[in-house]
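Biologist: Please take me through one part of this model closely, beginning with burial and then following the chain outwards into what surrounds it. I would like the reasoning spelled out where a cut-off decides the matter.

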Amino acid sequence: MHCPFCRHNDSKVVDSRTSDDGTSIRRRRRCTECGRRFSTLETTSISVIKRSGVTEPFDRQKIVNGVRKACQGRPVSEDDLAMLAQEVEESIRASGSAEVEAHDVGLAILPPLRRLDVVAYLRFASVYQAFEDLEDFERAIDVLRDQQAELAGQQTLVPPAGQNAPARRRSTRRIATAPDTAPVQDSAKPSADSDTEAPTAETAAAAAAQAPGEEKPAAPRRRRAKKPADTVTQPRLL
């Protein structure tokens, strides 16, 4: 390979690194004449055999140009077209063949284009597969409907992860906060700070025997015992 600086025809490889997808190798070279360094990118070549029998190298830009015509007036950006062309090239390289027919390249375009835009897919398929009447369009539309219904059924069968987690947490929280037993108060035991005594059986019987129209006598107050007064002793006279 010629040096891009001095055009010398000899160089030495200093470093080589493979790309993440494994389709290319980046090499760092040093010119033996001027000593300057430059990088090269090596990829495998794919040849496309056209219907006329002419062979030409695979060009990703031709895929972009062909799909762009089918996507006119559709919400498809240039980045989407570039990603589609890259996906088509990766699928062709994954086949492992150095030569592919142009018909196989068109078949590799259809699946990613169908996921990108359905209307553009019908436009491209009508020209590429040579639709002749409305029945061809109806068959293609029926296939698309079946695929969308199958995809929607798969999404409904598998619920999103963690959908029932909040409900379980709420039920656990209610169980944790609920008291095991209610506190029982002993009504028969009088309070230590109260000055009145609990009613006896005789008092309850007297209250029950009282006539409805009579006034209830007031309960007798409890009198506290008075402390004895201190006695003063007088001196005895002799």
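Modeller: In this predicted model, Cys71 counts as buried, because its relative accessibility is 7% and the limit for burial is under 20%. Cys31 also counts as buried, because its relative accessibility is 0%. A natural next point is whether the cysteines are bonded. The structure holds 0 disulfides, and Cys31 is in none: the nearest cysteine sulfur to its own, that of Cys6, is 3.5 Å away. That pair is not counted because a disulfide calls for two cysteine sulfur atoms within 2.5 Å.

From Cys31 the path leads into the sheet, since the bridge partner of Ser11 in β2 is Cys31. The sheet is open and consists of 3 strands in the order β1-β2-β3, with antiparallel pairing. Its edge strands are β1, residues 11-18, and β3, residues 37-43, each of which pairs on one side only. On average, and with direction ignored, neighbouring strands of the sheet are turned by 25° against each other. Strand β2, residues 24-31, is joined to β3 by 7 bridges, and the antiparallel pairing of β1 with β2 likewise runs over 7 bridges. If you want to trace the β2-β3 pairing residue by residue, Ile25 stands opposite Glu42 in β3, while Arg27 stands opposite Thr40 in β3. The hairpin of β2 and β3 has 5 residues between the strands, and there Gly35 takes a positive phi near 80°.

A positive phi also turns up in the segment before β1, where Arg7 is placed; the phi of Arg7 is near 65°, although this residue is not a glycine. Most residues other than glycine have a negative phi. In contrast to the buried cysteines, Arg7 counts as exposed, because its relative accessible area is 57% and the limit for exposure is over 50%.

The helices are where the largest nonpolar core draws its residues in numbers. That core has 29 residues, and those with the most contacts inside it are Ile63, Val67, Ile92, Ile109 and Leu113. At least two of its residues come from each of α1 (60-70), α2 (78-94), α3 (102-116), α4 (118-128) and α5 (134-157), and the largest share, 6 residues, is supplied by α4. Val67 is a useful residue to display, for it touches Leu81, Leu84, Ile109 and Leu113, leaving aside residues up to four places away in sequence. In soluble globular proteins, nonpolar side chains tend to be buried together.

Helix α4 itself can be followed from end to end. At its N-terminal end, Asp117 acts as a cap, with a side-chain oxygen 3.2 Å from the backbone nitrogen of Val119. Along the helix, the buried residues are Ala120, Tyr121, Leu122, Phe124, Ala125, Ser126 and Tyr128. After α4 comes Ala130, whose phi is positive, near 55°.

Technical notes. Residues numbered from 1 in each chain as written. Predicted model: local features only at pLDDT ≥ 70, side-chain atom pairs only at ≥ 80, totals over all residues. Heavy atoms only, no water. Core = buried A, V, L, I, M, F, W, Y, C linked by side-chain atoms within 4.5 Å. Buried < 20%, exposed > 50% of the residue type's maximum accessible area, 1.4 Å probe, protein only. Helix = DSSP H or I, 4+ residues; strand = E, 2+ residues; numbered from the N terminus. Contact = heavy atoms within 4.5 Å. Pairing = 2+ DSSP bridges. Axes fitted to C-alpha atoms, helices over the stretch in contact; angles between N-to-C directions. Polar contact = N/O pair within 3.5 Å; in protein donor to acceptor, adjacent residues only side chain to side chain.
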